[in-house]
Amino acid sequence: MTNTLRIALGALAYTVVAAAPAHAADPAAAYPTRPIKMIVPFPAGGTTDTLMRLISPTLTKELGQPVVIENKSGASATLGADAAAKSAPDGYTLLAGSAHHTIAQSVLKLSYKFDTDLVPIAMTAIVPNVVVVNSNVKAKTIQELVADAKANPEKYNYGSAGPGSAHHLIGEMFKLKTGAPITHIPYRGSAPAVSDLLGGQVLIMFDTVTSALPHIKSGKTRALAVTTATRSSALPDVPTLAETGVKGIDVGTWFGVLAPTGTPQPIIDKLNAAIVKAVKDPAISKQLLTQGIEPHPSSQAEFRALIAKEITDFKNLVAQTKLTVN
């Protein structure tokens, strides 16, 4: 073997050896190389589950690897969040988060911190909550409801999916802002609360548009206002609370995707781009809107700001109302 050939082969070997560690040290560049697990912390069939199953085929196409849904429900959605927070920060375990998690951090003692142990990637959607009353309630507006409640302090109550639920905290916000003396009636889930609203055992509920829409359309309940800053596209004729004169409430049920803290930023950026593209898909957006779900793709910064604001707002509400959750 000539010296020239030895030098050439040596240079080639050096190039291969030098390149291999550089690639191994940057797994984000090749991400993903295997299936991605998406933890949905609710049972199958709920809004979070439906939303993720709608966008997961597009995510699979964009990322080149299957996005596998794993339902891990329990403990007010904190069981799945805890599992995600304690997973390896490599982009292969993600959490389908929702507003339930910012509420939980504000009212429950948890083994993780939602805003520090998980990093936001992108929002996917927002579902406005809506103030609905049983069809036998005479009040046609928020002003009439508040006035009648103040004139009849023991007349009105509102149902919720349980202590510390979004329905409950929005109801307490409403009481704080309006002074309306309405009594909280907690249930073991949304379904029995809605059932008693329809039956007249409770008169008011601060339900999600998705859940409330069929009963509003059937005339069994009446929508008085939505709790977000903008109107619901599914209920365009229903005003916002701000439009009725009740200022300072802008709360809906948001949905988004998060990863364990420490996940490399290039992976976060790649996931954000794929999620945003999936949510913006016209076919997916149309399916969401028909169910009262507002598509809301976001930047990572926008999502982080929302989480921080909600945790602060809910903690302040708990302090102001001395709310306790057992």
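**Exercise 1. Work out the volume of the second largest cavity, then say what lines it.**

Step 1: the second largest cavity comes out at about 30 Å³. Here a cavity is a set of points, on a 1 Å grid over the protein atoms alone, where a 1.4 Å probe fits but cannot get out. The volume is the space filled by probe spheres set on the points, with grid points joined across faces, edges and corners.

A word on the model before going on: it's predicted, so local features need pLDDT of at least 70 and side-chain atom pairs count only at pLDDT 80 or more, while totals for chains, interfaces and linings use all residues. Residues are numbered from 1 along each chain as its sequence is written, and side-chain values use heavy atoms, with hydrogens and water left out.

Step 2: list the lining, meaning residues with an atom within 4 Å of a point. You get I36, M38, L59, L63, V67, L94, L271 and I275.

Step 3: sort them by class. That gives 8 nonpolar, no polar and no charged residues. (Ala, Val, Leu, Ile, Met, Phe, Trp, Tyr, Cys and Pro count as nonpolar; Asp, Glu, Lys and Arg as charged; the others, Gly among them, as polar.)

Step 4: find the elements. β1 (36–40), α2 and α10 (265–280) each supply at least two lining residues. Helices (H or I, at least four residues) and strands (E, at least two) are DSSP runs, numbered from the N terminus.

**Exercise 2. Find which helix gives the most to the lining of the largest cavity.**

Step 1: the largest cavity holds about 40 Å³, and V132, V194, L197, L198, D207, A212, H215 and T221 line it.

Step 2: α8 (190–199) and α9 each bring at least two of these residues. The winner is α8, with 3.

Step 3: by class, this lining has 5 nonpolar, 2 polar and 1 charged residues.

**Exercise 3. Describe the linings of the two largest pockets by class.**

Step 1: a pocket is an open set of points with protein on both sides within 12 Å along at least five of seven lines. The largest has about 880 Å³ of space, and the second largest about 620 Å³.

Step 2: for the largest, 40 residues form the lining, with F42, H100, A161, H167 and S190 nearest the centre. They split into 16 nonpolar, 22 polar and 2 charged.

Step 3: for the second largest, 29 residues do the job, and D250, V251, G252, K309 and E310 lie nearest its centre. Its lining has 13 nonpolar, 8 polar and 8 charged residues, and α12 gives the most to it, with 9.
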